[in-house]
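Got your viewer open? Take a tour with me, one selection at a time.

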Amino acid sequence: MTDKMNFVEELRWRGMLHDIMPGTEELLNKGMASGYIGFDPTSDSLHVGSLAQIMSLIHFQRAGHKPFVLVGGATGMVGDPSGKSAERNLLSEDILQHNLNGIGKQLEKFLDFNIGANSAQMVNNYDWFKDFSFLNFIRDVGKHITVNYMMAKDSVKNRINGDTGMSFTEFTYQLVQGYDFYYLWKNHNCVLQMGGSDQWGNIVTGTELIRRKDAGEAYALTTQLIKKADGSKFGKTEGGNIWLDPEKTSPYKFYQFWLNTSDADAKTYIRIFTLFDQQPIEGLEAEQDAAPHLRVLQKALAKDITIRVHGEVEYEKAIKSSEFLFGNTGIEFLNELNDAEVIGLFDGVPNYTVALAELKQGINATDLLATHSAVFPSKGEAKKMIQGGGVAINKVKINTPEDIYTTDSLINGKFLVVQKGKKNYFLIVGE
């Protein structure tokens, strides 16, 4: 593998590496090895919080190794064993299968599933747990890992969290995760499990099970949990998760999430979430330091990730959308978008509905903005700002408070875009 990159060193210079079991780097430098990361199928889409682990798998495959993606069909049916997570509810088999299909399609954008020996492979732990009885599981697996071992392993975490013990469900859940590693080691020669730093205990349980049950040897590697410089949670906005599915998070909103990254975070994220080499990254950082207002890092970051997740066409639309909202792009741009994309563009913007029958008859600007919608709290305020030249509909300034708007004024036969000043947008939808 002299022509391949050093996987561990790649994670190290990118600031991704957290913990690594002794011997792991030496093993990976000997030749192709198989390793895996697990993902919870709690939704039919992954979100940006999953991207760090996806990037680990990408680097793993680029280094010549074989990545396995474990989707927890069986563990998804259990939900969150602690009962603390609202996002990890008990799921039916049909919903799980739907989720697995969605996740699989997304992962195909990042990993190569057809390149020979080190092709990526997806596995579902439901396949080996569906016929595994509880008694057999306890007999074959539980006897090797004791409650005392689990408690000792998690003692520091428990003291920090104020926990006094481990429920039977949590104990069994960790055994299940440990057995996943054992199964992949036994049946797919998978010698490495990777994950976020909060997964170290679960991973070590797997290596210990492999050692105790079959006198085997396996390894562990974890990456840094992604944090924002201001201490807030990465990947969350006021509207919730930033999803990879364009139906859940529009490509424009996805692009804006990365574009709005702080300077400090951009320097971290450009290394974690792109495939740029070290020298180009350092060049971008130098440009950013010289002219922070140009936001060179944010633009490069947002472009790279948006194209890899959504494609070049959607990236170009995101750019045009930004220019439309914050620049001088004409209203004609909206004709290039479908209804869902228009609504997505104005996500978070106040929107109102007006009956098409009333619009067909014609509504003057004052009534449209103060009676049929709440763009203005009163007709008086609407008239005053219109007369001051501060209101536009469909990028055209309203001349007088009595200007008439009809169904012919609608963009795509459905929308009126109202601007109060330069940056305050409102959407009126004809229904």
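What follows is a walk through a few stops in this model.

**Stop 1: the whole thing**

Before selecting anything, keep in mind that this is a predicted model. Show it as a cartoon and you'll be looking at 20 helices and 15 strands. The protein has 431 residues, and buried ones make up 50% of them. About 20500 Å² is exposed, with carbon and sulfur atoms supplying 49% of that area. Now think about contacts between residues at least 6 apart in sequence: 71% of them join residues at least 24 apart.

**Stop 2: the six-stranded sheet**

Next, find the open sheet of six strands, whose order is 1-6-5-2-3-4 and whose pairing is mixed. Which strands stand at the edges? Select 17–20 for strand 1 and 121–124 for strand 4: each has a single partner strand, so one side of each is left without a neighbour in the sheet. Going from one strand to the next, the twist averages 25 degrees.

Zoom in on strand 2 (residues 34–39) and strand 3 (residues 66–71), which run parallel and are joined by six bridges. To see one partnership, pick Tyr-36 and look for its bridge partner Phe-68 in strand 3. A bit of background: strands of a sheet pair through backbone hydrogen bonds, and they can do so parallel or antiparallel.

Now add helix 3, which packs on this sheet and touches strand 2, strand 3, strand 5 (190–196) and strand 6 (219–223). The direction of helix 3 makes about 165 degrees with that of strand 2.

**Stop 3: one histidine in helix 3**

Stay with helix 3 and select His-59, which sits in it. Is His-59 buried or exposed? Its relative accessibility is 0%, so His-59 counts as buried. Leaving out residues up to four places away in sequence, His-59 touches Met-5, Phe-7, Glu-10, Leu-11, Arg-14, Met-16 and Leu-275. Try showing those side chains together.

**Stop 4: helix 11**

Select 200–214 for helix 11, a run of 15 residues. From its first C-alpha to its last, helix 11 reaches 21 Å, close to the 21 Å expected at 1.5 Å a residue. Colour its buried residues, among them Gly-201, Asn-202, Ile-203 and Val-204. Then look just after helix 11, where Ala-215 takes a positive phi of about 55 degrees.

**Stop 5: helix 15**

Move on to residues 296–310, which make up helix 15. The 15 residues of helix 15 should span 21 Å at 1.5 Å a residue, and its end C-alpha atoms are 21 Å apart, which agrees. How many of the residues of helix 15 are buried? Eleven of the 15 are, so helix 15 is largely enclosed by the rest of the structure. Pick out some of them, including Val-296, Leu-301, Asp-304 and His-310.

What covers the buried residues of helix 15? The cover includes helix 3 (51–62), helix 12 (251–259), helix 13 (263–272), helix 14 (278–290) and helix 16 (312–326). Right after helix 15 comes Gly-311, whose phi is positive, near 100 degrees.

**Stop 6: rings**

Turn on the aromatic side chains: a search of the whole structure finds 20 aromatic pairs. Take Tyr-182 and Trp-185, whose ring centres are 6.0 Å apart with planes at 35 degrees, so the pair is tilted. These two are three residues apart in helix 10 (residues 168–188), which means that about one helical turn separates them. Tyr-182 counts as buried at 6% relative accessibility, and Trp-185 is buried too, with a relative accessible area of 17%.

Another tilted pair is Phe-324 and Phe-333, with ring centres 6.1 Å apart and planes at 40 degrees. Phe-324 is buried at 0% relative accessible area, and Phe-333 counts as buried at 4%.

For a bigger group, select Phe-234, Phe-254, Phe-257, Trp-258, Tyr-269 and Phe-273, which ring pairs link into a cluster.

**Stop 7: the five-stranded sheet**

Last stop! Five strands form an open sheet here, in the order 9-15-14-11-12 and with mixed pairing. Strand 9 (351–354) and strand 12 (396–397) stand at the edges, each with a single partner strand, so one side of each is left without a neighbour in the sheet. Now select strand 14 (residues 415–420) and strand 15 (residues 424–430), which pair in the antiparallel sense over six bridges. To finish, click on Leu-416 and find its bridge partner in strand 15, Ile-428.

Definitions and conventions: Residues numbered from 1 in each chain as written. Predicted model: local features only at pLDDT ≥ 70, side-chain atom pairs only at ≥ 80, totals over all residues. Heavy atoms only, no water. Helix = DSSP H or I, 4+ residues; strand = E, 2+ residues; numbered from the N terminus. Expected span 1.5 Å × (residues − 1). Buried < 20%, exposed > 50% of the residue type's maximum accessible area, 1.4 Å probe, protein only. Contact = heavy atoms within 4.5 Å. Areas by Shrake-Rupley, 256 points an atom, 1.4 Å probe, with all protein chains shown as cover. Pairing = 2+ DSSP bridges. Axes fitted to C-alpha atoms, helices over the stretch in contact; angles between N-to-C directions. Phe/Tyr/Trp six-rings, centres within 6.5 Å; stacked < 30°, edge-to-face > 60°.
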